[in-house]
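Here's a quick briefing to read with the model open beside you. Scroll past the structure and we'll go through it topic by topic.

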Amino acid sequence: MKKILLLPLIIITFTFTSCKKEEAVNPNPQSEEQTGLSGKPGIVLPQEYLFPTCNDWKISLFQQQEVNNTYKYNDLTFKFCPENTVTMFNDILAINGNWYFMLDKGNPTAMTIDFHYTGTSTPWSELEGTWKVIKLTESTIQLQNDDGSVMLSFKRKEG
């Protein structure tokens with residue numbers, strides 16, 4: 001009878017003691033090196049860290065099927081703000097929109113960009129949608145589409 005009771009007790013003991021414990025991660029990384037997600041699973045990068053204030057960004061790369069089309073966006077600036085808004089502007093126009101991170105266990109795995117424009121198809125509509133996050137730092141956002149054929153990178157403007 002004691003053997004019958006001992007077996008369930010051993011199973012319960014191993015079940016509760018073998019659970020993997022999560023490590024606490026500093027939510028406010030101190031250096032750009034710490035914020036890169038490539039090869040750094042478990043790093044939590046809150047959106048307040050990436051966009052603590054409204055900052056201007058430029059497209060540093062827009063590549064489709066190995067063709068560099070960055071020139072199409074040279075005159076545009078993107079202002080990303082912490083309340084999930086983005087404004088794309090130049091000397092002639094300004095278009096508002098929203099951005100969102102999709103998180104997996106606190107890690108940004110995708111970024112959605114959506115501009116509020118009701119006109120016909122526009123050249124910047126190719127920037128909209130959900131992008132896989134490749135790298136996030138204080139000064140760089142690297143994204144790609146699902147099959148990797150389109151790369152989109154932003155670089156924070158200094159000053």
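Let's start with two aromatic residues: F78 and F115 are both buried. Keep in mind that this is a predicted model. The chain has three helices and nine strands, and the rings of F78 and F115 bring two of those strands, β3 and β6, together.

**Aromatic pairs**

- Seven aromatic pairs turn up in the count.
- For F62 and Y73, the ring centres sit 5.4 Å apart with the planes at 80°, so this one is edge-to-face.
- That pair connects distant parts of the chain, with F62 in strand β1 and Y73 in the loop between β2 (67-68) and β3, 11 residues apart.
- F62 and Y73 are buried.
- The F78 and F115 rings have centres 6.3 Å apart and planes at 45°, so the pair is tilted.
- Since F78 belongs to strand β3 and F115 to strand β6, their pairing ties together parts that are 37 residues apart in sequence.
- F78 and F115 also belong to a cluster linked by ring pairs, along with W57, F80 and F154.

**Fold at a glance**

- Going along the sequence, you get α-α-α-β-β-β-β-β-β-β-β-β.
- The chain has 159 residues, and 35% of them are buried.
- If you take the contacts between residues at least 6 apart in sequence, 43% join residues at least 24 apart.
- About 10,300 Å² of the chain is exposed, with carbon and sulfur atoms supplying 56% of that area.

**The nonpolar core**

- The largest nonpolar core holds 26 residues, and the ones with the most contacts inside it are F78, F80, M111, L143 and F154.
- Strands β1 (55-64), β3 (77-81), β4, β5 (94-104), β6 (107-115), β7 (129-136), β8 (140-144) and β9 (150-156) each put at least two residues into this core.
- What does L143 touch, once residues up to four places away in sequence are set aside? The list is M111, I113, W131, K132, V133, I134, V150, M151, L152 and F154.

**The disulfide**

- There is one disulfide by the count.
- It joins C54 and C81, whose sulfur atoms are 2.0 Å apart.
- C54 is in the loop between α3 (47-50) and β1, while C81 is in strand β3, so the bond ties together parts that are 27 residues apart in sequence.
- Is the disulfide of C54 and C81 right-handed or left-handed? The torsion about the S-S bond is about 125°, so the disulfide is right-handed.
- C54 is partly exposed, at a relative accessible area of 35%, whereas C81 is buried at 6%.

**Salt bridges**

- Searching the whole structure gives two salt bridges.
- One joins the side chains of K79 and D56, at 2.8 Å from N to O.
- K79 is in strand β3 and D56 in strand β1, so this salt bridge ties together parts that are 23 residues apart in sequence.
- K79 is partly exposed with a relative accessible area of 27%, and D56 is partly exposed with 23%.
- E126 and K72 make a salt bridge too, and their closest N and O atoms are 3.0 Å apart.
- E126 sits in the loop between β6 and β7 and K72 in the loop between β2 and β3, so the pair ties together parts that are 54 residues apart in sequence.
- E126 counts as partly exposed at 24% relative accessibility, and K72 counts as partly exposed at 34%.

**A look at F89**

- F89 is in strand β4, which covers residues 85-89.
- Is F89 buried or partly exposed? With a relative accessible area of 23%, F89 is partly exposed, because buried means under 20%.
- Leaving out neighbours within four places in sequence, F89 is in contact with D56, D75, L76, T77, K79 and A94.
- Among those partners are D56 and K79, the two residues whose side chains meet in a salt bridge.
- From F89 to D75, the C-alpha to C-alpha distance is 8.4 Å, and the two are 14 residues apart in sequence.

Terms used
Residues numbered from 1 in each chain as written. Predicted model: local features only at pLDDT ≥ 70, side-chain atom pairs only at ≥ 80, totals over all residues. Heavy atoms only, no water. Helix = DSSP H or I, 4+ residues; strand = E, 2+ residues; numbered from the N terminus. Buried < 20%, exposed > 50% of the residue type's maximum accessible area, 1.4 Å probe, protein only. Contact = heavy atoms within 4.5 Å. Core = buried A, V, L, I, M, F, W, Y, C linked by side-chain atoms within 4.5 Å. Disulfide = S-S within 2.5 Å. Phe/Tyr/Trp six-rings, centres within 6.5 Å; stacked < 30°, edge-to-face > 60°. Areas by Shrake-Rupley, 256 points an atom, 1.4 Å probe, with all protein chains shown as cover. Salt bridge = Lys/Arg side-chain N within 4 Å of Asp/Glu carboxyl O.
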